[in-house]
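Subject: Structure handover

Hello,

Here is the structure for you to look through. My notes on it follow below.

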Amino acid sequence: MHAVAIDFETANEQRASPCSIGLAWIDDGVIASVEHHYIRPPGMRFAGFNIAFHGIGPEQVKDAEEFPAVLAAIAPRLEGRTVLAHNAAFDVSVIRNTCDHYGLAYPDFDYLCTVKLAQACWPDMVSHKLNQVCAELGVAFRHHDAAEDAFACASVALEAARMHRVESFPALADAGRLSLGRVWSDGYSPCSSAAPRPRRSRWG
């Protein structure tokens with residue numbers, strides 16, 4: 001099983017304002033490494049609400065690379081991996097909107113939302129927020145830190161895979177009656193229930 005769990009933090013209310021990304025790389029069914037990168041957001045505009053949420057401000061990112069350089073370093077490493085994210089609609093929209101801001105092609109990958117996965121696997125949980133799911137599963141982490149959230153997301157996916165006794169993330173999506181989402185150079189389709197989904201262009 002090969003995948004990478006991702007988590008973005010944003011500087012303000014705009015999706016095209018990533019200031020932090022965490023990545024938890026899964027190799028052969030275990031979390032092999034976790035990494036974190038600060039990102040200098042466009043315009044360096046930070047909202048007080050966001051700073052209070054994740055604790056990141058201009059001082060932490062003033063010397064960081066902008067999104068195009070970070071994406072260029074990460075995108076080649078996505079080949080052959082499913083991207084995991086808790087509430088993937090948010091993290092994928094950060095990628096798409098920031099690529100749009102810079103005029104970049106989208107990276108190419110399949111993705112699985114672990115919120116939807118948790119809802120399918122553990123429907124009786126009171127909440128499927130990341131901290132609540134991890135509390136139920138006994139996964140300790142520091143919430144709203146991108147690297148820690150990525151680790152937690154990966155842990156949830158691996159626990160679901162163990163429960164279903166599957167050896168790939170596409171098989172895990174099938175077990176949860178989910179369709180993998182997909183991003184490609186100029187469009188995307190969402191992760192959803194197994195019902196047929198519309199294909200969406202970049203501009204649609």
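Over the ring of which residue does the charged end of arginine 96 sit? That ring belongs to tyrosine 188, and the charged end of arginine 96 is 3.9 Å from its centre. Please bear in mind throughout that this is a predicted model.

Aromatic pairs next. The structure holds 2 of them. One of them is phenylalanine 49 with phenylalanine 53: the ring centres are 6.2 Å apart and the planes are at 15°, so the pair counts as stacked. The cut-off for stacking is an angle under 30 degrees. Both residues sit in helix H1. They are 4 residues apart, about one turn of the helix. Phenylalanine 49 is exposed, because its relative accessibility is 66%. Phenylalanine 53 has a relative accessible area of 40%, so it is partly exposed.

Now the pockets. The largest holds about 530 Å³ of space. Its lining has 20 residues, and Glu9, Phe53, Asn87, Phe90 and His144 are the closest to its centre. Phe53 thus turns up here as well as in the stacked pair. Strand E1 (3–10), helix H1 (48–54), helix H4 (88–102) and helix H6 (130–137) each give two or more residues to this lining. By class, the lining has 9 polar, 6 nonpolar and 5 charged residues.

The second largest pocket has a volume of about 160 Å³. Its lining comes to 13 residues. Nearest its centre are Ala88, Ala89, Tyr111, Pro190 and Cys191. Two or more lining residues come from H4, and likewise from strand E5 (109–113). H4 gives the most, with 5 residues. Here the classes are 8 nonpolar, 3 charged and 2 polar.

Last, proline 18. This residue is in strand E2 (residues 18–27). Is proline 18 buried or exposed? Proline 18 is buried, because its relative accessibility is 1% and the cut-off for buried is under 20%. Beyond its neighbours within four places in sequence, proline 18 is in contact with Phe8, Glu9, Thr10, Ile39, Arg40, Pro41, Phe67, Val94 and Thr98. Glu9 is in that list and also among the residues closest to the centre of the largest pocket. Arginine 77 is 59 residues from proline 18 along the chain, and their C-alpha atoms are separated by 20 Å.

Best wishes

Conventions: Residues numbered from 1 in each chain as written. Predicted model: local features only at pLDDT ≥ 70, side-chain atom pairs only at ≥ 80, totals over all residues. Heavy atoms only, no water. 1 Å grid on protein atoms, 1.4 Å probe; cavity = no way out; pocket = protein on both sides within 12 Å on 5 of 7 lines; lining within 4 Å. Points joined across faces, edges and corners; volume = space filled by probe spheres on them. Nonpolar A, V, L, I, M, F, W, Y, C, P; charged D, E, K, R; others polar. Buried < 20%, exposed > 50% of the residue type's maximum accessible area, 1.4 Å probe, protein only. Contact = heavy atoms within 4.5 Å. Phe/Tyr/Trp six-rings, centres within 6.5 Å; stacked < 30°, edge-to-face > 60°. Lys NZ or Arg CZ within 6 Å of the ring centre and 35° of its normal.
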